[in-house]
Amino acid sequence: MTSTQDDSDQQYFQSYDQFEIHELMLRDRPRVSAYYDAMMNNKHLFESKVVLDVGSGTGILSMFAAKAGAKFVYAVDACPKICQLAEKLIQCNGLQDRVKVLNKRVEEIEKFEHNIDIIISEWMGFYLFHESMLESVIYARDHFLQKLSSNEDNTPEPAESIMMFPSHAYLYCAPFVDQHIRIESNTMWNDYFGLNMSSLVSHIKNSDLSECVIDTIEPSQLVHDAQLIQSIDLRTVRIDDLRSMRSFCEFEIDNTCIISGFCFWFDCYFSSTDNSSILRSVRLTTSPHASKTHWKQTLVFLPEDIYPLKGDIVPVNIKLKQSAENRRHYNLTIALKKIKEGASAATGDDENFLTVKKRQRRRSSTISSDKHAMDTSSDSSSSENDADDGDDNDSQSDEHPIPCSCDRPKCKLIRTIMEKYDEENMLE
């Protein structure tokens, strides 16, 4: 491990040695309830078993495991202050004879006194992977988890013999619209109580929305159903699988809309030993459709809004690449390819919206923008104008405000879309 990685890990563990972040997680009812339900619904799996809790924090999951019937639980965490607090909590609940706190990184442990039957961990970070402990969980699985004996032909046992809670994780992506964050970011300081405060912008983190925004959105802001972009089987995934992950999505637009960017969230399932039981198992979700969690959603804003029409197909390449400087951070790259125009553009028929003979899109043929959550830096976006032969009004290079009240077909279309959006989302 390099000195840079050592420094990054030290900063990571120092941040988690403060109680405030653990208080936030303990107050996250959907998070805690999912783990509690998963263990209490599977007491037959925990009965008389030895459990390893990786990144145990206050020991809440370790105590759940003990209450579910575990014979012994190792609560492993690298943060000394939090380990001291965990020991007090465990003692207060009379579980000190069955739960042992170890103030170490799991990678620093050579062996345990007991064979480990089950691993539990709350390792997930923003958009599943950012600042997660997944590598440590995989290390613990590969080095300590007790597996069933090999078959007579010495072939390895199937994944079903490996007990991990959670057992599966899924990352989703969907396009969304949000005028408020972008408008506030662009215009708030230009006229602040009658004063020009725009000089403050350079001092405000992520004022240009070039980095990820961690926030919650309403389901009504999603303009298309989500697509699965990554799936993780905790019983089989390898550390090398996490270095770089790519996926491709195509969103076929059902109704003319505005797309401000792409929203990411994840689900985790607590399956037992049968793959067919995943969908029937307890689910922890960070979806906009569900109760809010401390993970919220991860919003990746495009450099500017796009305006696909009904029937258009929006192709998107998504890449997650582990940072070379800090393996706990990821560079999340969105590459929006040239929109495929649908049948409505060919026929000139777009129901209640204005007919546009030729549309010069406000997007490049390929737009790439690295988005990084928290304190990572971002590469600048690249943009090229599409060449588009059409009527003279559409080929004007002058930038128009959004919305614009002029009679240019493009501005009329945008104005109509925004008016329809406002009408549909007006609160009564």
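**Exercise 1. Faces of strand 2**

Which residues point one way from strand 2, and which the other way?

Solution.
Step 1. Fix the conventions. The model is predicted, so local features need pLDDT of at least 70 and side-chain atom pairs count only at pLDDT 80 or more, while totals for chains, interfaces and linings use all residues. Residues are numbered from 1 along each chain as its sequence is written, and side-chain values use heavy atoms, with hydrogens and water left out.

Step 2. Locate the element. Strand 2 covers residues 72-77. Strands (E, at least two residues) and helices (H or I, at least four) are DSSP runs numbered from the N terminus.

Step 3. Sort the side chains. Phe-72, Tyr-74 and Val-76 point one way, and Val-73, Ala-75 and Asp-77 point the other way. This follows a general pattern: in a regular strand the side chains alternate between the two faces of the sheet.

Step 4. Check the cover. Six of the six residues of strand 2 are buried. Buried means under 20% relative accessible area, exposed over 50%, and partly exposed in between, with a 1.4 Å probe and protein chains only.

**Exercise 2. The sheet around strand 2**

Describe the order, pairing and edges of the open sheet of five strands.

Solution.
Step 1. The order is 3-2-1-4-5, with parallel pairing. Two strands pair if DSSP finds at least two bridges between them.

Step 2. Strand 3 (99-103) and strand 5 (163-165) stand at the edges with a single partner strand each, so one side of each has no neighbour in the sheet. Neighbouring strands are turned by 20° against each other on average, direction ignored.

Step 3. Strand 2 pairs with strand 3 over five bridges, and Asp-77 has Asn-103 of strand 3 as its bridge partner. Five bridges also join strand 1 to strand 2. Here Val-51 is bridged to Val-73, and Asp-53 stands opposite Ala-75.

Step 4. Turn to strand 1. Five of its five residues are buried, so strand 1 is largely enclosed by the rest of the structure. Val-50, Leu-52 and Val-54 point one way from strand 1, and Val-51 and Asp-53 point the other way.

**Exercise 3. Helices**

State which strands helix 6 and helix 7 lie on, and how helix 5 is covered.

Solution.
Step 1. Helix 6 (residues 80-92) lies across strand 2 and strand 3, at about 170° to strand 3. Axes are lines fitted to C-alpha atoms, for helices over the stretch in contact, and angles run from 0 to 180 degrees between N-to-C directions.

Step 2. Helix 7 (residues 134-144) packs on the sheet and touches strand 1 (50-54), strand 4 (118-121) and strand 5. Its direction makes about 155° with that of strand 1. Contact means heavy atoms within 4.5 Å.

Step 3. In helix 5 (residues 60-67), seven of the eight residues are buried, so helix 5 is largely enclosed by the rest of the structure. Among the buried residues are Ile-60, Met-63 and Phe-64. Just after helix 5, Gly-69 takes a positive phi of about 115°.

**Exercise 4. Cores and two buried positions**

Identify the residues with the most contacts inside the largest nonpolar core, then place Ser-260 and Ile-162.

Solution.
Step 1. The largest core has 91 residues, and those with the most contacts inside it are Phe-46, Leu-52, Phe-129, Phe-262, Phe-264 and Val-314. A nonpolar core is a set of buried Ala, Val, Leu, Ile, Met, Phe, Trp, Tyr and Cys residues joined through side-chain atoms within 4.5 Å.

Step 2. This core draws at least three residues from each of domain 1 (1-122) and domain 2 (168-342 + 352-359), with bounds from an automatic or database domain assignment. Another core, of 14 residues, lies apart from it and includes Leu-222, Tyr-269, Ile-278 and Phe-301.

Step 3. Ser-260 lies in strand 10 (residues 259-270) and is buried at 0% relative accessibility. Beyond four places in sequence, its contacts include Phe-176, Arg-182, Phe-301 and Asp-305.

Step 4. Ile-162 sits in the loop between helix 7 and strand 5 and is buried, at 7% relative accessible area. Its C-alpha atom is separated by 6.0 Å from that of Arg-235, 73 residues apart along the chain.

**Exercise 5. Confidence**

What is the mean pLDDT of the protein, and where does pLDDT stay under 50?

Solution.
Step 1. The mean is 81, and 72% of the residues reach 70 or more. pLDDT is the predictor's confidence in each residue, from 0 to 100.

Step 2. pLDDT stays under 50 over residues 148-156, which have seven contacts beyond four places in sequence. It also stays under 50 over residues 348-370, with 84 such contacts.
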